[in-house]
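Open the model in your viewer and keep the sequence panel beside it. The tour moves from selection to selection.

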Amino acid sequence: MQRLLLTPLKALTRSPCLQLLVPRAALRGQCGCICGIRRPLRPGQYSTISEVALQSGKGTLSLPSKTAERVVGQWLLICSGTVAGAVILGGVTRLTESGLSMVDWHLIKEMKPPTSQEEWEAEFQKYQQFPEFKILNHDMTLAEFKFIWYMEYSHRMWGRLVGLAYILPAAYFWRKGWLSRGMKGRVLALCGLVCFQGLLGWYMVKSGLEEKPDSPDIPRVSQYRLAAHLGSALVLYCASLWTSLSLLLPPHKLPETHQLLRLRRFAHGTAGLVLLTALSGAFVAGLDAGLVYNSFPKMGESWIPEDLLTFSPILRNVFENPTMVQFNHRILGITSLTAITVLYFLSRRIPLPRRTRMAAVTLLALAYTQVGLGICTLLMYVPTPLAATHQSGSLALLSAALWLMNELRRVPK
């Protein structure tokens with residue numbers, strides 16, 4: 001009778017279907033399952049079908065790890081580099097007055113440039129219908145038009161590259177489960193800001209294509225929209241760089257002293273001042289304010305020019321008067337340099353790690369270099385290569401400020 005019962009039971013326990021549900025240790029007669037006491041399973045042993053599916057790759061549930069954080073940090077560091085490239089290329093486009101050469105905006109259609117003589121002439125004819133050609137470039141040749149067209153085309157294509165650099169890897173990392181809950185929110189915000197940046201760029205270009213018969217100024221984009229376009233790019237750059245540095249650089253466990261707290265707050269304020277100075281440069285570029293009062297340290301023959309407050313109401317001068325805009329940019333630049341110098345000497349009074357000291361020294365060196373570039377750009381009447389270098393320097397200075405802030409960040413308990 002025992003043989004009749006045990007033989008089918010042994011066959012049943014050896015079946016593959018039951019082995020998916022029961023640990024192998026239990027099948028060998030161990031009491032881990034029979035007695036209701038669950039023993040830890042060795043690698044390769046599974047107690048449920050869901051565990052088999054997870055191990056085989058179906059329904060993968062990978063939790064964030066140090067390796068995943070490092071990969072995501074490297075990706076965001078590359079993304080911040082692409083944003084920096086877009087800002088620099090956009091500055092060159094503005095300096096060469098190329099931004100209004102492409103009068104249409106199509107996400108896919110405009111990716112193919114003109115290839116034949118007929119297509120180039122048709123594109124040139126479209127440009128001739130807008131104010132910049134009629135007022136400023138009425139004697140422009142087709143060869144000259146091709147140059148400014150390719151400048152704007154490069155900027156727009158680079159913007160598409162930035163979008164792909166954010167969106168495609170973000171979708172991949174999300175699917176692989178390499179993003180924590182908090183990181184998912186940041187990544188969604190960054191991808192949304194990239195899309196908004198593209199729409200804001202076209203909104204800015206449209207302001208330079210509008211007919212303004214009552215305005216004596218040469219056709220140019222609105223300085224307000226230019227500042228918004230640059231400002232959103234700087235926010236995208238700072239957010240990406242800050243997140244990548246937080247993931248890639250291990251935080252220092254610094255003693256929370258009163259001096260450190262004061263240094264941290266001062267570093268945050270200085271970084272905000274650097275960002276504001278860079279943003280004020282958008283108004284300088286939008287109004288061509290660098291072409292007035294090309295002298296330093298005085299503006300012409302006086303410290304405070306007479307036409308500083310010629311617009312009415314007075315508040316308009318801050319954003320629309322080229323003299324006031326250049327004056328404000330000078331003051332902000334000198335104030336930023338002073339704040340960074342004070343920050344450096346404050347950091348010398350506290351025992352800090354070597355990497356943190358390197359960040360402070362780098363910030364100080366870049367600040368003096370940036371001010372020197374700005375003065376040379378002004379005195380030499382804004383040559384394009386030097387002005388582009390000055391604009392690039394603002395990004396380098398902002399990066400160093402974020403680096404130092406990251407070094408001084410509070411470690412969560």
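Select H6 and H16 together: these helices run roughly antiparallel to each other (angles over 145 degrees count as such, under 35 as roughly parallel, 65 to 115 as roughly perpendicular and the rest as oblique). H6 covers residues 66-95 and H16 covers residues 384-407. Their axes come within 10 Å and cross at roughly 150°. Axes here are lines fitted to C-alpha atoms, for helices over the stretch in contact, with angles from 0 to 180 degrees between N-to-C directions. Helices themselves are DSSP runs (H or I, at least four residues), numbered from the N terminus.

The model is predicted: local features need pLDDT of at least 70, side-chain atom pairs need 80 or more, and totals for chains, interfaces and linings use all residues. Residues are numbered from 1 along each chain as its sequence is written, and side-chain values use heavy atoms, leaving out hydrogens and water.

Stay on this pair. The crossing of H6 and H16 is right-handed (the near helix is turned clockwise from the far one by less than a right angle; anticlockwise would be left-handed). Now show side chains. On H6, pick Ala84, Val87, Ile88, Gly91, Val92 and Leu95. They meet Thr384, Ala387, Ala388, Gln391, Ser392 and Leu395 of H16 (contact means heavy atoms within 4.5 Å). Color this H6–H16 contact by class: eight residues are nonpolar, four polar and none charged. Ala, Val, Leu, Ile, Met, Phe, Trp, Tyr, Cys and Pro count as nonpolar, Asp, Glu, Lys and Arg as charged, and the others, Gly among them, as polar.

Keep H16 and add H11, residues 223-248. The axes of H11 and H16 come within 10 Å and cross at roughly 40°. The two helices are therefore oblique to each other. H11 passes H16 in a right-handed crossing. Leu234, Tyr237, Cys238, Leu241, Trp242, Leu245 and Ser246 supply the H11 side; Leu395, Leu398, Ser399, Leu402, Trp403, Met405 and Asn406 supply the H16 side. That contact holds eleven nonpolar residues, three polar and no charged.

Isolate H11. Its 26 residues reach 37 Å from first C-alpha to last, close to the expected 38 Å (1.5 Å times one less than the number of residues). Zoom to its N-terminal end. Ser222 caps it, with a side-chain oxygen 3.2 Å from the backbone nitrogen of Tyr224.

Bring in H10, residues 181-209. How do H10 and H11 run relative to each other? Their axes come within 9 Å and cross at roughly 160°, so they are roughly antiparallel. H10 passes H11 in a left-handed crossing. The contact comprises 15 nonpolar, seven polar and three charged residues.

Last, the backbone. Most residues other than glycine have a negative phi, and most peptide bonds are trans. Center on Glu97, in the loop between H6 and H7 (117-127). Its phi is positive, near 55°. Then jump to the loop between H12 (258-286) and H13 (316-320), where Pro297 lies. The bond from Phe296 to Pro297 is cis, with omega near 5°. Pro313 also sits in the loop between H12 and H13. The bond from Ser312 to Pro313 is cis, with omega near 0°.

Key: Polar contact = N/O pair within 3.5 Å; in protein donor to acceptor, adjacent residues only side chain to side chain.
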